[in-house]
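The exercises that follow are meant for someone meeting this structure for the first time. Please look over the sequence and the model before starting, and work through each solution in order.

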Amino acid sequence: MNIKAALLAVAAMLLAGCASTFQYSSGSEEYRNKPLVISSVKVEVRLDSAKQPKGYLTEAEIAETVRADMIRLLQEHDAITYAENAADGLSTTVKLNYFRKFSYGDAIAKPEFSGSIYVDHGSKRLGSRSFAKATTKFGGFTDAMVNAEVAVGKWDHEDEPRDLEVIASVLVSDLEDF
């Protein structure tokens with residue numbers, strides 16, 4: 001495991017306490033008692049931002065970035081398999097409220113996010129989980145460095161994808177609890 005993966009794992013563990021437990025529907029037992037196979041990931045984002053300076057991701061771009069990060073993390077995951085179009089695969093839908101906060105000028109602070117994650121098989125909802133408002137945490141020294149960059153107004157549109165990767169890591173960690 002490389003350092004980046006370890007830091008993302010620490011961040012996910014720190015933020016996992018911000019989530020509620022899954023609420024299961026009847027019929028979900030057969031899927032919860034075997035290795036999880038995800039065949040589809042959908043991310044819907046509601047962006048709350050006081051402004052949209054040039055270079056910052058749009059709502060659609062944030063959704064696609066989180067989706068791509070989740071798929072990559074699922075493909076690297078030991079306990080969850082991502083197999084697009086798997087015959088018995090489950091689909092997951094994330095409804096993400098993303099609040100972009102600005103610090104100085106067009107520099108950003110750490111975002112706040114909340115929302116829900118849903119697990120379905122076909123048209124049947126198997127479970128859902130809501131997560132309360134949280135912010136990104138990178139773990140240890142990296143988090144201190146990010147906080148320092150935020151404090152001096154140096155965290156900007158080029159760094160926002162790193163925040164989104166942490167959010168994707170939290171979401172994948174949530175799926176482990178299904």
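**Exercise 1. Compare the span expected for α5 with the distance between its end C-alpha atoms.**

Solution. Helices (H or I, at least four residues) and strands (E, at least two) are taken here as DSSP runs, numbered from the N terminus. The expected span of a helix is 1.5 Å times one less than its number of residues, so the 17 residues of α5 should cover 24 Å. The end C-alpha atoms of α5 lie 25 Å apart, which agrees with that expectation. The model is a predicted one, in which local features need pLDDT of at least 70 and side-chain atom pairs count only at pLDDT 80 or more, while totals for chains, interfaces and linings use all residues. Residues are numbered from 1 along each chain as its sequence is written, and side-chain values use heavy atoms, with hydrogens and water left out.

**Exercise 2. Repeat the comparison for α3, and then state how α3 and α5 are placed relative to each other.**

Solution. At 1.5 Å a residue, the 18 residues of α3 should span 26 Å, and the end C-alpha atoms of α3 are 26 Å apart, which agrees. Next come the axes, which are lines fitted to C-alpha atoms, for helices over the stretch in contact, with angles running from 0 to 180 degrees between N-to-C directions. The axes of α3 and α5 come within 8 Å and cross at roughly 50°. Angles under 35 degrees count as roughly parallel, over 145 as roughly antiparallel, 65 to 115 as roughly perpendicular and the rest as oblique; α3 and α5 are therefore oblique to each other. The crossing of α3 and α5 is right-handed, a term used when the near helix is turned clockwise from the far one by less than a right angle, whereas anticlockwise would make it left-handed. Contact means heavy atoms within 4.5 Å, and the residues making it include V66, M70 and L73 of α3 together with L164, A168 and L171 of α5.

**Exercise 3. Find how many residues of α5 are buried, and which residues of α3 are.**

Solution. Buried means under 20% relative accessible area, exposed over 50%, and partly exposed in between (1.4 Å probe, protein chains only). By this rule α5 is mostly covered, with 14 of its 17 residues buried. In α3 the buried residues are I62, A63, V66, D69, M70, I71, L73 and L74. Taking I71 of α3 as an example, its relative accessibility is 12%, and so I71 counts as buried. Not counting residues up to four places away in sequence, I71 touches V41 and Y82. The C-alpha atom of I71 is separated by 9.1 Å from that of I38, which is 33 residues away along the chain.

**Exercise 4. Describe the largest nonpolar core and say which element gives the largest share of it.**

Solution. A nonpolar core is a set of buried Ala, Val, Leu, Ile, Met, Phe, Trp, Tyr and Cys residues joined through side-chain atoms within 4.5 Å. The largest such core has 35 residues, and V66 and M70 have the most contacts inside it. Among the elements that each supply at least two residues are β2 (36–49), α3 (59–76), β4 (90–100) and α5 (160–176). The largest share, 7 residues, comes from α3. Leaving aside neighbours within four places in sequence, V66 is in contact with V43, L96, L164, A168 and L171. There is also a second, separate core of 9 residues, which includes I108, A109, V146 and V166.

**Exercise 5. For T92, H121 and N85, decide which are buried, partly exposed or exposed.**

Solution. T92 has its place in strand β4 and is buried, with a relative accessible area of 0%. Its contacts beyond four places in sequence include I38, V41, V119 and L175. H121 lies in strand β5 and, at a relative accessible area of 25%, is partly exposed. Beyond four places in sequence, H121 is in contact with Y31, D88, G89, L90 and L126. N85 lies in the loop between β3 and β4 and is exposed, with a relative accessible area of 68%. Phi of N85 is near 65°, a positive value in a residue other than glycine.
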